[in-house]
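User: Here is a model I would like to go through. Please take my questions one at a time.

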Amino acid sequence: MVPVSYYIILSAILFSLGALGVLIRRNALVVFMSIELMLNAANLAFVAFTRIHETFSGQIFVFFVMAVAAAEVAVGLALVVAIYRSRQSIDIDSMNSLKG
Amino acid sequence: MSLELVLFFVLAAIAIATAVGMLISRSTVYAALHLVVNFVSVAIFYLLLDAPFIALSQVAVYAGAIMVLFLFVIMLLGLENIAGELEWKKLLWPLVMAGILLVEGVFLVLQRIGQNVYVGTTGTALSDPSLMARVLFTDYMLPFQVTAVLLLVAMIGAIVLSKPEKKSATPLKPDGAKEA
Amino acid sequence: MTQIQEVSLDEIRHLVSERAMTGETMLLNMGPQHPSTHGVLRLLLELDGETVVNCIPDIGFLHTGIEKNMESKTYQKAEVMTDRMDYMNTVGNNFTYCLAVEKLVGLDVPPRAQAIRVILAELTRIQSHLVWLGTAALDVAAMSVFLYCFREREQILDIMELVSGQRMMTTYIRPGGVWRDVPVEFEAAVRDFLKIIPKRIDEYEALLSKNPLFLDRCLGIGVISGEEAINRGLTGATLRASGPDYDLRKFAPYSGYEQYDFDVPTRTEGDVYARYLVRMEEMRQSIRIIEQAMAKLPLGPVRSNNYKFVPPPRSEIGTSMEALIHHFKLWTEGFNPPKGAVYAATESPRGELGCFLESDGGPKPYRVHFRTPSFDNLQVLPRLSQGHFVADLVAIIGSIDIVLGDIDR
Amino acid sequence: MDWWLVLEWLIKSVVLVLILLTGFAYLTLFERRVLAFMQVRIGPNRAGWQGLLQPIADAVKLIFKEELTPGSVIQPIFALAPIITVVPAVVIAAIVPWGPDVEMFGRTIKLSVADINLGTLYIAAVASIAVYGIVLAGWSSNNKYAMMGGMRSSAQVISYELSLALCFVLVTVLAGSMHAAEIVEAQRDVWFIFIQPVGGIIFLVATLAEVNRAPFDMPEAEQELTAGYHSEYAGMKFALFFMAEYIKMIAISAIAAMLFFGGYREFPLLANTWFSVDVNWWLGPIYMFAKVLVLLFFMVWIRATLPRMRYDRLMSFGWKVMLPLALALVFVTAVGILADLLWIIPVLSLAIGFVFVMLINRSLTMKAKRR
Amino acid sequence: MSEVLQGYQQKLVKAFKAETSEFAGEVTVLVPAEKIIEAARMIRDEFGFDFLVCITAVDYWPEEKPRFHVAYVFRSLSQGLTLQVRAPIPGINPSLASIESVYQNANWQEREVYDMFGIQFEGHSDLRRILMPADWQGHPQRKDYPLGYEEPQYTFNFDDIAARKPAPKE
Amino acid sequence: MGVEQKLGNMGVVTVKLEELVNWSRTNAMWPMLFGLACCAIEMMSAQSANHDMSRFGMELMRASPRQSDLMIVAGRVTRKMAPVLRRLYDQMPDPKWVIAMGDCASCGGVFNNYAVVQGVDEVVPVDVYVAGCPPRPEALIHGIVTLHEKVRGEKFKDWA
């Protein structure tokens, strides 16, 4: 038997690592992956909470998060491809201008 | 220490290690692969938490679709190696901020949640997907529909975005060639 | 696969687009050992994703020096080299060379020999088209057709073996006629074959012509217009699929082709599918020609009796002193044609196969040059493949039916 | 802990793996012989009686072949990729029930290794990660052809996974369960292929694409990419890819049999006779084996007959034909179940399928005219 | 020889001071090398010879002026005529204008002549070796280039020939 | 190479293993697609229905040298092709065999001139020479069977 708090702490660690990734990496793809990691950490917390409250709400939220993540990745990667095509770089620091 | 606790720690170690690995790996392919392992280990956590439907969806959606897309884009654009971008000097502030975040989270967790809630695979009603579906399609019908619309919008958006601009389309296209 | 002669980007700068210089497009080396290059063709591809931006053929991996080598042999002995040039059209190569020699020295060929030549040349055409069909189908991964085609081809090779003793490199057609008369079994063998092949061609068509996947691979791929095709020197089915009905058998009939009633199939679309249809129809027309030639196969000698240029029959050597002298002279020294240059051409399965022959009056050809159809046909590959996918490129190479031996010589 | 359960599970796993391995070996021979038969040849017949030892010869030869690793590859992924390819292929077969429950040694034994609730979802999840092996093999080979093969594979799998998943949805809706055994039992009266014929065909096409079989063998398209993603692999590593491909074929045939062809159940007309699985449980595995064999024969037949599709057409076929068609079928099926009119499902779906075929045909003739 | 062809022959002679000859029913026109591109234009545009059959060269070594003849065979598909044109060029720095701009398939044909005879074609878009390896020395079809004949070794003359071979085999 | 080096001298076991391995190598000898000229067509004939090389387990023509055991050099090898040939040979993993099919590959054939390598054994080691121009498919199959005999006689100690 595992205390739920362990899961929550693990979730917090993963979330922080994801946040760290967003902050330190300049590569748009890796930043994306870090965001996915953060979403996952949140999901883990949701499922853990489901166990505490004995309702389905948490799992259903995870379900929605997955759908949103899929949508986000589709659009995000399309953006990465489009940006790479136009400026041959996916360094997020170089994406500060609004010009294409 | 029960078997499940051991399993938890092993998996947690894997999850954290792969998350760190993703952060520091130089090749984006390796980053993606680390993340895949991370997702699979998280899926096993879901199994431990009596959420098999979510676990399998996690594998199918995250590991099977999203990360394959990532790999595809990496290989399509040839972005395997973006070297020398991790500068340790600039790392201080992000580290501090992430650390604060972590400490605060852990503190809150410890404060709010009693240690007495234990979980394990019990085969309770929570793992039955048909019950979950019942809730999903009654109480959460509206959000479900909204998600569907969101996915549709995302799909259209992705198609529009990834369509090559007119001028960069292959200029040498002779009369016989046709669109994909 | 193999990159032996690493080409530096500078050397081919004038051939690729400027996007290759920035690394936006990928340079891919295809061949010379690649399943679908029909031998040892090497292609340097500039790819944008999977789209061919540019395609630079690199040939010569089978350059055998045949022309140079023929210049060091007498006219008769040089003929064996021609077989090995376009190895799908061995009889046709002999045919062209013999026509050139006959033109050079002014030899007449007896009618029976002419008819036999036509029959064998058309059989070779069918044989070559069968191999083409098999390999072209294999290129789009329809693997069974390949084996069916080779089954029928074996029958033609058996006929070749019957008449000449060799399956492929027959050297059966000789200046002034053919080597010897056909054996008695020849007619039965050809008729057996003619009985079977039309049904078999229908079978292949049933497998491919209406197959949606095959249509999808062929329709609208590698289009070239008739005018451009002429200007780029295309000949054969590749040209006729674009409109012009240029066929040397009609254009400048040789060896009695004017006596036969046949059509020159043409299409106007000029794509891979049109080439496929034209070749399938050509096989049927070849069958018609063979049938007519078989029907009126005249009796008589099969070699010219001008013993200055043609060796006398073996039977005469034992009885006639003159024949012995001719025989000795011809095989030791050869004959001396008049000084001058000729150009003779036949319609090979791939197009116009021409032989440019120059004599300086000596017993050896001074200069032999073969105008081979695949050489010019392959030249349009870059033009045909631009903007298509790699998979289409494979289908296009299959459709123009190149034989590397024909190109490199 | 029920140690007997563990033992049972262990035995079942070992048996399954052994079946798959022998099945793989003899499937290669089966394919070669069937291809030879279709191409008026004889096929391998020198090794052992009728070539029955051919797979052993192949295996032994590959074992004793040099393990050649080119210098330019990216280790360790190059070494890992074949394993990543094989494991899902084996794991996916765990879910398939090979017969009804059996009473033996005083216990009820299920004839499937993993008897989990979410059977179809499990298949979808495992099938979706099977692509990693190929993609990574292509990438780590550091060879442009292999890379193209890997990329083709990833794009292909993403496009066809959706149709495949929708087929699972079809079956789930029809059976009212995701549980493998329950799906099979739901076909007691009528196989799902009769209720949803178009769905079955879509499933078969999508599986062909999913296991990279002709006419969808893009990743290794010999005529275009020489050997595709496994260009640089030699010896046992190559054998693992070979193995994965064939094991996937077996697994996917078994799954198709389970989802649409009544699994281990007899033909519906044979119910209540001696041939029924309810009467003789041991007929179950035999039926299953026969069905798998027939499906494999179909796969080989298709390979012998059809040309390969072009890559971009394959993608557009997946997105523009298969996906809408599968969606429409799900809709029709759901309506039929809701309205409790089972006969309406095959009628409507056949009609929709016919419309799609007509559309494809029309676009082809249009193309033929336009050129 | 048809009268049409005779007319063309006359025109060519008039325009370029060409020489003509006839052999075995074939007409050959000897056009000065520097005029070849105009001649080709004329042949295509005025005479309607739309098809370039082949380009080759003949080496008359040891003769030096002219050492080479570059031979062109043109064909008119509509009129059913064939015409051979030759351009004599000297042996030192042999070069000639490329007719690639007139007939597109001259590209490879000229490359082959360049590869085999070392005749430079000026204005050619891509004059590289085509059949021989890029680092090959010499031009094989020249008469002063040896055939590269290798004597077959038998038991009785094995050592003889082995001694004469230029380089030992691996 | 692998297992066999660790076997050492084990008498009967090795002999049996030797036999097994050699048997398997003869029965599963995958040729590489390496058609050059005329002989390639006859090689295809040997694959085809009438002659059917697949009886020997040889229909798996590998496109990649990494997966092939046997290189059938079918046709004349030119000076331009020779380095490519050599590289492909080097890319094949051991054990590997070469059949020089036809006169040109064996000794240069009728092409005794500047462009053609006078026998492919100048470039790669050849196990079996098949005569003929081109050899009949039967001759090629005979060459392969001869190679099988040779392989059957190989000993562990000969393995590199």
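User: Which helix of chain C lies across β1, β2 and β3 of chain C?

Analyst: This is a predicted model, where local features need pLDDT of at least 70, side-chain atom pairs count only at pLDDT 80 or more, and totals for chains, interfaces and linings use all residues. Residues are numbered from 1 along each chain as its sequence is written, chains are lettered from A and ligands numbered from 1 in the order in which they are written, and side-chain values use heavy atoms, with hydrogens and water left out. Helices (H or I, at least four residues) and strands (E, at least two) are DSSP runs, numbered from the N terminus. Running at about 150° to β2(C) (axes are lines fitted to C-alpha atoms, for helices over the stretch in contact; angles run from 0 to 180 degrees between N-to-C directions), the helix is α17 (residues 390–400).

User: In what order do the 3 strands of that open sheet in chain C run?

Analyst: Two strands pair if DSSP finds at least two bridges between them. The edge strands, each paired on one side only, are β1 (26–30) and β3 (51–58) of chain C. The pairing is antiparallel and the order is β1-β2-β3.

User: How many bridges join β2 of chain C to β3(C)?

Analyst: Strand β2 of chain C covers residues 42–48. One partnership is that of Leu47(C) with Val52(C) in β3(C). The two strands run antiparallel, and the bridges number 7.

User: Of the 8 pairs of chains in contact, which share the most contacts?

Analyst: Contact means heavy atoms within 4.5 Å. Chain D and chain E do not touch, with nearest C-alpha atoms 24 Å apart. Chain B and chain F have no contact either; their closest C-alpha atoms lie 23 Å apart. The most contacts are shared by chains A and B.

User: What share of the area buried between chain A and chain B do carbon and sulfur atoms give?

Analyst: Buried area is the accessible area (1.4 Å probe) that two parts lose on being put together, summed over both. The contact takes 70 residues from chain A and 81 residues from chain B. About 7000 Å² is buried, and the carbon and sulfur share is 80%.

User: How many salt bridges does the rule find across the interface of chain A and chain B?

Analyst: The rule asks for a side-chain nitrogen of Lys or Arg within 4 Å of a carboxyl oxygen of Asp or Glu. Across this interface the count is 0.

User: Which element gives the largest share of the side of chain A that touches chain B?

Analyst: β1 (2–3), α1 (4–24), α2 (28–53) and α3 (57–87) of chain A each supply at least two residues. The largest share is 25 residues, from α3(A).
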